[in-house]
Amino acid sequence: PARCCAATPPPPAPDRRCRPADHDDAMGRSDAADALDRYFRVSERGSTVAIEIRAGLATFLTIAYIMAVNPQILGAAGLPNNEVTAATALSSIIACTILGLFANLPFAIAPGMGMNAYLAFNQVLGGRSTPSQALASCLTASCLVALLAVVRALSVIMALVPNTVKLATVLGMGLLLSLIGMHTCGMVVPDEQTMVGMGNLLTVEVIVAGAGLALTTVLMRRQVKGAILIGIAAAAFALWGARNTWPTEFLALPVLRFYEPDFSMLMAGSPSAWSAVVAYTLVMVFDIGGALFGLSSLAGLLDDGGTVKGATVAYLASAAGSAVGALTGTTPLIISAESAVGIKDGGKTGLVALVVAGCFTASLGLAPLLQSLPAEATAPVLVLVGTMMMSEAANLDWHDMKVSVPAFLTMAVQPFTFSISNGIYIGLAFSAMLWVFSGDFLDTFRGWGRQLRSAAHPPTGDNPSQHLESLLDHGHGASVHSGTAGRAGSSGNVLPNYVRYSEPMGSPTVHATTGSPTMHTTLTHHVDNLDA
């Protein structure tokens, strides 16, 4: 009993004098982690540094195929593969670093698929310009996007271009990429009688490309990270083995070349050169704007007004990376849709973008290995990316002829003429024709007139119902936010989904989606059964 009741002596205190450096290191690491957490607001957004790093790695594994595909496509225009590989990595490093540090957004920025095919096959191989002249168009478009972002004019462009043309542009790019992939592996070949025809399906290239496409599809369906890279690697090994052309070099110092842009065609006012500038600019604006809204919504980073903090910096980051890319030998950069993989893995801050930048830095020395990849090994990726782009077709109302005809023309003209810009111009022109011939322009002019009268004679009185009807009818003081999830309406108008008032009575914020036939109102004042 005496032993049981005896007090247990406390354990000896650790001798901190023995290893003071360890304590200081731990404190330093803690302070650095806290500073990182505060700067990127990691804990505030419900994440951790470990989750952000993991999400960044997942994003890079999903988008790393661009390091192999981009040099293959631009190599057809005479740009050396090793130089394009370095340009792709360097431009992406700069853009992702700016985005992560100054916008704190969990996205990856890399050269856009479709624009590289446009430069190679339409501008250069089409005989419209030299590589230096085509890169001058890319540089001009990059500067134009940066200028529009600084003066905040991008929202005006997004509002003027019909949603029909925006969505159909993505569809057309998908068809164009798929056609290039099928032609690369030999599945589709030229034919004098029918323009195009079926190639020999029993060649090694077609069989390996088909098997690679099937493998990648299954892996993506099972959500295997790096599925596209695995598919490319499997097809490459199969072709190397069949041809006995195994690579002999794997690593080398990056080869970077600075091109001197040739502005002669732009200075001369060449329609083809300026057409390319407009095409690059519109594709950048559409892709970046759509990705910003969609990915930010997925990550829960939209504010109460439905806007994205750091959107201007995101445009500037893409423009800066695109300018560097144009000077080093690659096409403009956009926010990659593959960023959704990292977001689904928990990424919510700019640390994701910085991890992606670090991975691009590590891949700079892989130019010899990437250069040895057979072009047929990347063909399945083009078809698969085209397939994923076709999902935008669900957001179009194909039963409305004023929507479906401009959309179909925008989509079909791109692969048939091997030009993204041709599709955009045809779609815009036909949308304008239908706007005039259908009489919709009269409704637009009447709306402008009502807005002018409303501005000159604002509604008076304390009747909130009358005030709301006036606001919705005339657009006075209303801020409209249009989402991309809805379907494009026939006239491009946006139907309000719900209106939220706050005390005191003032201008409402109207959150809208396209194609919604109903309105639900929640008012702090007593307004019941208001039919808008």
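**Exercise 1.** In this predicted model, determine which residues Leu292 is in contact with, leaving aside its neighbours within four places in sequence.

*Solution.* Step 1: set aside the neighbours of Leu292 within four places in sequence. Step 2: list the residues in contact with Leu292, namely Leu105, Phe107, Val308, Ala311, Ala314, Tyr315 and Ile335.

**Exercise 2.** Place Leu292 within the largest nonpolar core, and state which helix gives this core its largest share.

*Solution.* Step 1: the largest nonpolar core has 106 residues. Step 2: the members that touch the most other members are Leu99, Leu105, Leu119, Leu292, Ile335 and Phe360. Step 3: helix 13 (residues 271-299) supplies the largest share of this core, 15 residues. Step 4: a second, separate core has 7 residues, including Ala168, Leu171, Leu396 and Val403.

**Exercise 3.** Describe how helix 3 is oriented relative to helix 16, and which residues meet there.

*Solution.* Step 1: the axes of helix 3 (residues 49-63) and helix 16 (residues 351-362) come within 8 Å and cross at roughly 50 degrees. Step 2: angles under 35 degrees count as roughly parallel and 65 to 115 as roughly perpendicular; the two helices are therefore oblique to each other. Step 3: the crossing of helix 3 past helix 16 is right-handed. Step 4: from helix 3, Val49, Glu52, Ile53, Ala55, Gly56, Leu57, Thr59, Phe60 and Ile63 take part, meeting Leu351, Val352, Val355, Val356, Cys359 and Phe360 of helix 16. Step 5: by type, the residues of this contact are 12 nonpolar, 2 polar and 1 charged.

Terms used. Residues are numbered from 1 along each chain as its sequence is written. This is a predicted model: local features need pLDDT of at least 70, side-chain atom pairs count only at pLDDT 80 or more; totals for chains, interfaces and linings use all residues. Side-chain values use heavy atoms; hydrogens and water are left out. Axes are lines fitted to C-alpha atoms, for helices over the stretch in contact, and angles run from 0 to 180 degrees between N-to-C directions. Helices (H or I, at least four residues) and strands (E, at least two) are DSSP runs, numbered from the N terminus. Angles under 35 degrees count as roughly parallel, over 145 as roughly antiparallel, 65 to 115 as roughly perpendicular and the rest as oblique. A crossing is left-handed if the near helix is turned anticlockwise from the far one by less than a right angle, and right-handed if clockwise. Contact means heavy atoms within 4.5 Å. Ala, Val, Leu, Ile, Met, Phe, Trp, Tyr, Cys and Pro count as nonpolar, Asp, Glu, Lys and Arg as charged, and the others, Gly among them, as polar. A nonpolar core is a set of buried Ala, Val, Leu, Ile, Met, Phe, Trp, Tyr and Cys residues joined through side-chain atoms within 4.5 Å. Buried means under 20% relative accessible area, exposed over 50%, partly exposed in between (1.4 Å probe, protein chains only).
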